[in-house]
Amino acid sequence: MTRCSSRIAASVASLTLVVAAPAAACPSCALATEVRTRFWADDFGYHLAVAALPFLLILAVCWRLERAAGRDEVREMRS
Amino acid sequence: MISSHRAPLISAGILLGTGLGGFVDGILLHQILQWHNMLSSVKPVTDLVTMKYNMLWDGLFHAFTWLMVSLGLWRLWRAGKRPDVPWSSRTLIGAMILGWGLFNFIEGAVDHQILGIHHVHPGEAQLAWDIGFLVFGLSQVAAGLALLQLARSERAPREAFELVPPA
């Protein structure tokens with residue numbers, strides 16, 4: 001039990017080091033922060049909607065296609 | 001043109017074609033050739049910040065294409081479980097070409113022509129490139145529909161094969 005918990009503690013410590021060390025020494029962190037700030041500030045919702053629009057339109061086509069097919073099948077089963 | 005039993009396979013093919021076509025666009029035009037990025041006409045790449053900004057939006061674009069491929073696989077898996085769906089390669093490939101063409105046409109019309117958030121090959125001849133992209137998309141739609149039309153005769157449901165007793 002003690003051995004197991006010490007292994008878990010060692011794993012957590014090494015994981016913390018792995019995550020924290022590059023963040024502390026990150027040469028382009030300021031740059032990344034600036035990019036992220038711009039990303040959220042510059043009409044994020046609008047650009048996201050624009051990027052998603054072609055995909056949403058095609059999803060709508062497929063949804064209508066499957067819905068129409070489902071209706072046909074029900075009609076076929078009833079007749 | 002689309003019988004109700006083929007619809008699940010066609011729907012899966014359209015989603016797969018859209019996702020894989022989007023990956024062609026993202027990998028070939030955004031990354032390998034570096035002709036444009038998702039928002040390169042809104043935020044032209046002039047320094048490292050604008051480059052990373054566009055990379056972030058390219059990442060979101062790829063996330064959407066990944067979602068479409070995943071949805072397509074899920075629909076294909078569901079279609080595969082239905083014995084009444086004719087398992088036709090022509091239907092699947094035709095639907096995939098149709099999906100890719102639909103994506104190119106819609107993305108070209110919305111992003112390049114109407115909103116102008118990026119262009120295929122920015123520069124003096126960008127309009128020609130954009131129109132060429134639309135024509136390519138439309139020709140893919142036509143080819144996909146033609147292949148689906150050809151596959152209409154392949155209606156044998158799989159249960160017909162499964163009923164054959166083993167030798």
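**Figure 1. A:R75 and A:D72 pair up within one helix of chain A.** In this predicted model, the side chains of A:R75 and A:D72 meet in a salt bridge, with N and O 3.4 Å apart. The two residues sit 3 apart in helix α3 of chain A, so about one helical turn separates them. As a reminder, an α-helix has 3.6 residues a turn, so residues three or four places apart point the same way. The partners differ in cover: A:R75 counts as exposed, at 52% relative accessibility, whereas A:D72 comes out as partly exposed, at 32%.

**Figure 2. A:E73 reaches across to B:R82.** Here a salt bridge links A:E73 with B:R82, and the closest N and O atoms lie 2.8 Å apart. This pair crosses between chains: A:E73 belongs to helix α3 of chain A, while B:R82 belongs to the loop between α2 and α3 of chain B. Buried or exposed, where does A:E73 fall? With 18% relative accessibility, A:E73 counts as buried, because the cut-off for buried is under 20%. B:R82, at 26%, is partly exposed. The story doesn't stop at two residues, as salt bridges with shared partners tie A:E73, B:R82 and B:D84 into one network. The side chains of A:E73 and B:R82 also register as a polar contact, again at 2.8 Å.

**Figure 3. A second link between the chains, from B:R75 to A:E66.** B:R75 and A:E66 form a salt bridge whose closest N and O atoms are 2.5 Å apart. B:R75 comes from helix α2 (residues 48-80) of chain B and A:E66 from helix α3 (residues 44-78) of chain A, so this pair joins two chains. B:R75 is buried, with a relative accessibility of 16%. A:E66 has 22% and so counts as partly exposed. Over all chains, the salt bridge count comes to 4. Side chains of opposite charge can pair when their charged atoms come close.

**Figure 4. Helix α3 of chain B, from start to finish.** This helix covers residues 89-114 of chain B, which makes 26 residues. How far does α3 of chain B reach from its first C-alpha to its last? The span is 36 Å, close to the 38 Å expected at 1.5 Å a residue. Follow the helix along and there's a kink of about 30°, centred on B:G108. Back at the start of α3(B), B:S88 puts a side-chain oxygen within 3.4 Å of the backbone nitrogen of B:R90. Past the other end, just after α3(B), comes B:G116 with a positive phi of about 60°.

**Figure 5. A nonpolar patch on the surface of chain B.** Which residues make up this patch? They are B:V24, B:I27, B:L28, B:I32 and B:L33, and together they have about 410 Å² of accessible area. Zoom in on one of them, B:L28, and you're in helix α1 (residues 7-32) of chain B. With a relative accessibility of 37%, B:L28 counts as partly exposed.

**Figure 6. B:G132 and its distance to B:W35.** B:G132 is part of helix α4 (residues 126-150) of chain B. This glycine is partly exposed, its relative accessible area being 37%. Along the chain, B:G132 and B:W35 are 97 residues apart, and in space their C-alpha atoms are separated by 15 Å.

**Figure 7. Stepping back to the two chains.** Zoom out for the overall make-up. Chain A has 3 helices and 0 strands, and its elements run α-α-α from the N terminus on. Of its 79 residues, 20% count as buried. Chain A exposes about 5900 Å², with carbon and sulfur atoms supplying 68% of that area. Chain B contains 5 helices and 0 strands, in the order α-α-α-α-α starting from the N terminus. Chain B has 167 residues, of which 46% count as buried.

Terms used: Residues numbered from 1 in each chain as written. Chains lettered and ligands numbered in written order. Predicted model: local features only at pLDDT ≥ 70, side-chain atom pairs only at ≥ 80, totals over all residues. Heavy atoms only, no water. Patch = residues over 30% accessible without salt bridge, like charges linked within 9 Å, V, L, I, M, F, W, Y side chains within 5 Å. Areas by Shrake-Rupley, 256 points an atom, 1.4 Å probe, with all protein chains shown as cover. Helix = DSSP H or I, 4+ residues; strand = E, 2+ residues; numbered from the N terminus. Buried < 20%, exposed > 50% of the residue type's maximum accessible area, 1.4 Å probe, protein only. Expected span 1.5 Å × (residues − 1). Bend = angle between axes of the 7 residues up to and from the residue. Polar contact = N/O pair within 3.5 Å; in protein donor to acceptor, adjacent residues only side chain to side chain.
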